[in-house]
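Please open the model in your viewer and keep the sequence panel visible. The stops below are arranged so that each selection leads to the next.

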Amino acid sequence: MTDDTAALTIVPAAPLAVAPQIDAGLLTGRIAPNTLRAYTGDFTAYASYAQSAGLPLTDSLTLARWRNQMIAESTYSPNTINRRLKAVRKIMTEAALERLISREQAEAFKDVQGVSEKALRNRTRPNARTLITPDDMRRICDAPDTATLKGLRDQALLLTLASSGLRCSELAGLTVGQLIKISKGKYMLTGIVGKADSLDMPRSAYISAEAFQACQRWLGARPFLSQTLFTSLQGRGRAEQATDKALSSVAVWQLVQEYAQTVGLAHIKPHDFRRFTATEIIKKHDVRAAQKALGHKSISTTSKYDLSGLEPGLTDDLF
């Protein structure tokens, strides 16, 4: 047995109770003050994600899932995402030296790979925020071939994303039971759990009648019953079959790009759909209506709000 192995046997994994001791302050005096301030913000964002997702702070899988969420739901550049990952890895390395976590845990964090600048080259400015016009949104949503099972699913997904303003992870986690009819021609999604900087309580979001009907066509064509609304497919062409496995946020991100590129639009991301919903609601109504529809805590980003004041059908006929 080596000295390192022996050391591992006497350093227990940190329980959740010690997690609050792990922060960027562990690097004080070891890195430049400006870098420390940046790492403090990065680690705070990571800790907020872990808490909102109900995942342990000291598990490397939590960092991997945070990375995937940033890929799917943010407009962060590859450099920003990689800096955030590096901050968490360095802090966890220091936490192991302080015996707040084991060396094995810290090494697992080092195995979480960063993102490729080439793969995310569309994140560079000025394309990080792309405005989609109503005509372009119609072209994207009409792009799937609804003669196929994949096309039925994808059109339902795109219409739901475009008319609800949901985040990628919110859409990927939808169940059939969340899709309800509230009155003639008016439909909503209930029990939506947002991210850490959104409302604390589950919210609801209205969707267009067109999106609801597309979901019903997809569910009617799917050859099995499942509580998951948008499930993945396996195989290709005529051999393609539906599975009961939920789509991931990354898969949703890829589908949006696939259909945007099909109609000749580059640099489109799921969050651009969310911005589209907000922009069109503001034009048709006002900024407070958009605030409620998207679940922000404030008009600027994050203040509390009450969705009960939102009129049914607000997201109908946006495009």
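Begin by selecting helix α7 (residues 149-164) together with helix α11 (residues 270-284): their axes come within 7 Å and cross at roughly 45°. Axes here are lines fitted to C-alpha atoms, for helices over the stretch in contact, with angles running from 0 to 180 degrees between N-to-C directions. The crossing makes α7 oblique to α11, given that angles under 35 degrees count as roughly parallel, over 145 as roughly antiparallel, 65 to 115 as roughly perpendicular and the rest as oblique. Helices (H or I, at least four residues) and strands (E, at least two) are DSSP runs, numbered from the N terminus.

Display the side chains of this pair. On α7 the contact is made by Leu 158, Leu 161, Ala 162, Ser 163 and Ser 164, and on α11 by Pro 270, Phe 273, Phe 276 and Thr 277; contact means heavy atoms within 4.5 Å. Coloured by class, the contact of α7 with α11 shows six nonpolar, three polar and no charged residues. For the classes, Ala, Val, Leu, Ile, Met, Phe, Trp, Tyr, Cys and Pro count as nonpolar, Asp, Glu, Lys and Arg as charged, and the others, Gly among them, as polar.

Before moving on, note the basis of the tour. The model is predicted: local features need pLDDT of at least 70, side-chain atom pairs count only at pLDDT 80 or more, and totals for chains, interfaces and linings use all residues. Residues are numbered from 1 along each chain as its sequence is written, and side-chain values use heavy atoms, with hydrogens and water left out.

Stay on α11 and centre on Thr 277, which lies in that helix. Thr 277 is buried, with a relative accessible area of 0%; buried means under 20% relative accessible area, exposed over 50%, and partly exposed in between (1.4 Å probe, protein chains only). Add Leu 318 to the selection: Thr 277 and Leu 318 are 41 residues apart in sequence, and their C-alpha atoms are 7.6 Å apart in space.

Return to α7 and add helix α10 (residues 249-262). These two helices pack at an angle of about 95°, with their axes 11 Å apart, which makes α7 roughly perpendicular to α10. From α7, the residues to select are Lys 150, Arg 153, Asp 154, Leu 157, Leu 158 and Leu 161; from α10, they are Val 252, Leu 255, Val 256, Glu 258 and Tyr 259. Seven of the residues in the contact of α7 with α10 are nonpolar, none is polar and four are charged.

What surrounds Ala 156, leaving aside its neighbours within four places in sequence? Ala 156 is found in α7, and counts as buried at 0% relative accessibility. Its contacts are Ala 214, Cys 215, Trp 218 and Phe 230. Select Ala 211 as well: Ala 156 and Ala 211 are 55 residues apart in sequence, with 5.9 Å from C-alpha to C-alpha.

Next, select Thr 243 in strand β5 (residues 241-246). Thr 243 counts as buried at 14% relative accessibility. Beyond residues up to four places away in sequence, Thr 243 touches Phe 224, Thr 231, Ser 232, Leu 233 and Gln 234. Draw a distance from the side chain of Thr 243 to the backbone nitrogen of Lys 245: a polar atom of that side chain lies 3.2 Å from the nitrogen.

Move to Val 115, in the loop between α5 (103-110) and α6 (134-141). Val 115 counts as buried at 13% relative accessibility. Leaving aside its neighbours within four places in sequence, Val 115 is in contact with Arg 67, Ile 71, Pro 78, Ile 81, Asn 82 and Leu 120. Of these contacts, centre on Ile 71, which is 44 residues from Val 115 in sequence and 8.3 Å away, C-alpha to C-alpha.

Ile 71 is found in helix α3 (residues 60-73) and is buried, with a relative accessible area of 16%. Ile 81 lies 10 residues from Ile 71 along the chain, and their C-alpha atoms are separated by 8.2 Å.

The last residue to select is Arg 99, in the loop between α4 (78-97) and α5. Its phi is near 60°, a positive value in a residue other than glycine.

Finally, zoom out to the whole chain, which has 12 helices and five strands. Of its 319 residues, 50% count as buried.

Key. Polar contact = N/O pair within 3.5 Å; in protein donor to acceptor, adjacent residues only side chain to side chain.
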